[in-house]
Amino acid sequence: MDLKININFGLSIILKYYYIFEQLINRNLVNKIFVSIDRDVLNHYRNDSDNNYYQNYIIFLKHINIHSRIIIENSYNKTYQNICVNELSRVCHIPIKFKLYDKLIYKNPIYEYDYVTISTKLLNIDNNLYEKYKNILFNKLNNIGYKVILLGEKRITDCKEYQIHNTYSIYDDLIKNLDNYIDNTIESNNNNNDLESFMTSATILNKSKLNIYMSNGGISILLCYISTNIVGLINTNLVDKALLDKTSYLHDCSNIKISNNFKDFLQNIKVE
């Protein structure tokens, strides 16, 4: 039996789908899997009128794919079945797990010295709470003992997806308040998914002493595929339950600390 499926966008979501595809192939539950990315959904939520996001996601999928029986289509096929990744996991009886993928990172480090990272993009995090605790956050980062590498976007370009998820950037706050930082950000979310930029960021995250984020977005999932040194703040009402389930990790999770409140999150920001 062949599976023909349209998948949703987002690099972290694509990695979830791909893990399930691998298991279906490895267990011989399907013969071939034909994969198309839902162009209409992408255009609706990301304003992808110039087609850049779409093409970059195809390039990304082809880059990580090592199975000849998983065929990545070059264009959107509306005849394929649409099914969200969590539903696919349920109907196939394959729980979503996180696996370190070597093909996501470069062999050589981007920076030769030790550092920590922080993501500039906040998603589904109450802005009032951020304003209340931000000075404690800056103090923590200034006293952590390592350079702080900024990753993410300098500014957020308006789109429907980010309106729904209360998305904003703290880039300006970080560069004003941090004493020892390296700026590795990009200009906006309009150009954040090309393969080279992704692999550069992924390599930085993989080699980091600590990766800090405040988001229910893709970074919360993506980090689980490339790092074991994670401190995260999430909105429990919206969280992907796999993030709080230690059995979801196929690699060491002793240094993965995910909180649902600012006080615990701030206490976890230390390099052990």
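This is a short dialogue on reading strands and sheets in a predicted model.

Student: Where do I begin with the strands, and in what order do they lie in the open sheet?

Tutor: Welcome! In this predicted model, 4 strands make up an open sheet, and reading across it gives β3-β2-β1-β4, with parallel pairing. At the edges are β3 (70–72) and β4 (81–82), each of which pairs on one side only.

Student: How many bridges link β2 and β3?

Tutor: Strand β2, residues 33–37, is joined to β3 by 3 bridges in the parallel sense. To see one pairing, find Ile33, whose bridge partner in β3 is Ile70.

Student: Which helix packs on this sheet, and which strands are touched?

Tutor: Look for helix α3, residues 52–64. Helix α3 touches β1 (3–7), β2 and β3, and its direction makes about 155° with that of β2.

Student: How should I think about side chains along a strand?

Tutor: In a regular strand, side chains alternate between the two faces of the sheet.

Student: Now for β7: why is this strand described as largely enclosed?

Tutor: Buried here means under 20% relative accessible area. In strand β7 (residues 147–151), 4 of the 5 residues are buried, so the rest of the structure largely encloses this strand.

Student: Which strands pair with β7?

Tutor: Strand β5 (residues 115–119) pairs with β7 in the parallel sense over 5 bridges. Strand β10 (residues 181–183) also runs parallel to β7, joined by 3 bridges. Try following Val148 in β7: Val116 stands opposite Val148, and Val148 also stands opposite Tyr181 in β10.

Technical notes: Residues are numbered from 1 along each chain as its sequence is written. This is a predicted model: local features need pLDDT of at least 70, side-chain atom pairs count only at pLDDT 80 or more; totals for chains, interfaces and linings use all residues. Side-chain values use heavy atoms; hydrogens and water are left out. Two strands pair if DSSP finds at least two bridges between them. Helices (H or I, at least four residues) and strands (E, at least two) are DSSP runs, numbered from the N terminus. Contact means heavy atoms within 4.5 Å. Axes are lines fitted to C-alpha atoms, for helices over the stretch in contact, and angles run from 0 to 180 degrees between N-to-C directions. Buried means under 20% relative accessible area, exposed over 50%, partly exposed in between (1.4 Å probe, protein chains only).
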